[in-house]
Amino acid sequence: MTEHHEHRQQSLTQATEARGLEALISRAARAGKGAAPVERWNPDFCGDLDMEIKADGTWFYLGTPIGRMPLVQLFSSVLRKDADGRTYLVTPVEKVGIRVADAPFIAVEMDVSGEGEDQVITFRTNVGDVVEAGPERPLRFVDENETGGLKPYLLVRGRLEALVARPVMYELVGHGEEIKIDGRTMFSVRSKNAVFPIMPADQLERLSA
């Protein structure tokens, strides 16, 4: 096969992919008005798309960052994570797999109102979701073995989570308090009458020492 022919085939593939993406965008736009009911749709799986959400929340398509925020917001409105642990873009007529390095969203800002049991912690994600942590939108804290640090995750919708950005995590921890849970004193945060344990209080003391 000649180099020219190879190049032509490659550009044809890319053109087809691009047209396919355009069609997907138009279907997502129609489906994604407001909160798309992706949990109710059961279309056929149509294969994987060369799209990835990196650990810092940047979306890539064919190895290139998607710089247009309205497009990222559109795709994020039709995201779904299924019981198989994989993340898909879902419209009423198709379901395509994408790769997610960590969490699909990043919580980039937080606000705290009230105090004690009435305290509510609200987060804003990098794609514009505003989420109040609480019984239905829990926070979970994962030990990062490589760094000895913590990674907090917030449930945004369905099975999709936002990783709380490091500066926001420090702010969040600033609202922590010691609360007894099942007989053990835990350093925790409260929101909407729910308590989210961060770590055992004695472990925090050792880290702070």
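**Close-up 1. Leu62 in a loop of the predicted model.** With a relative accessibility of 34%, Leu62 counts as partly exposed, and, like everything shown in these views, it belongs to a predicted model. Its place is the loop that lies between β2 (59-61) and β3 (64-65). The backbone deserves a second look here: phi of Leu62 is near 50°, a positive value in a residue other than glycine. For context, most residues other than glycine have a negative phi.

**Close-up 2. Asp182, another loop residue with a positive phi.** Let us move along to the loop between β13 (177-181) and β14 (184-191), where Asp182 is found. Although Asp182 is not a glycine, its phi is positive, at about 50°. Is Asp182 buried or exposed? Its relative accessibility is 82%, so Asp182 counts as exposed, the cut-off for that class being over 50%.

**Close-up 3. Lys95 and its surroundings in strand β6.** Here we visit β6 (residues 94-100), the strand that holds Lys95. Lys95 has a relative accessible area of 15% and is therefore buried, a class that takes in values under 20%. Which side chain makes a polar contact with that of Lys95? The partner is the side chain of Asp82, at 2.8 Å. If neighbours within four places in sequence are left aside, the residues in contact with Lys95 include Pro43, Asp44, Phe45, Cys46 and Gly47. Arg80, Asp82, Tyr88, Leu89 and Val90 are also among its contacts on that basis.

**Close-up 4. An open, mixed sheet of 6 strands.** Following the sheet from one side to the other, you will meet the strands in the order β9-β8-β7-β12-β11-β10. The pairing is mixed. At the edges stand β9 (130-132) and β10 (139-144); each has a single partner strand, so one side of each is left without a neighbour in the sheet. On average, neighbouring strands of this sheet are turned by 40° against each other, direction ignored.

**Close-up 5. Strands β11 and β12, with helix α3 packed on the sheet.** Strand β11 (residues 149-157) runs antiparallel to strand β12 (residues 160-164), and 4 bridges join the two. Which residue of β12 stands opposite Arg157? It is Leu160. Helix α3 (residues 166-173) packs on the sheet, where it touches β7 (105-113), β8 (120-125), β10, β11 and β12. The direction of helix α3 makes about 30° with that of β7.

Technical notes:
Residues are numbered from 1 along each chain as its sequence is written. This is a predicted model: local features need pLDDT of at least 70, side-chain atom pairs count only at pLDDT 80 or more; totals for chains, interfaces and linings use all residues. Side-chain values use heavy atoms; hydrogens and water are left out. Two strands pair if DSSP finds at least two bridges between them. Axes are lines fitted to C-alpha atoms, for helices over the stretch in contact, and angles run from 0 to 180 degrees between N-to-C directions. Contact means heavy atoms within 4.5 Å. Buried means under 20% relative accessible area, exposed over 50%, partly exposed in between (1.4 Å probe, protein chains only). A polar contact is a pair of N or O atoms within 3.5 Å; within protein, one must be able to donate a hydrogen and the other to accept it, and residues adjacent in sequence count only if both atoms are side-chain atoms.
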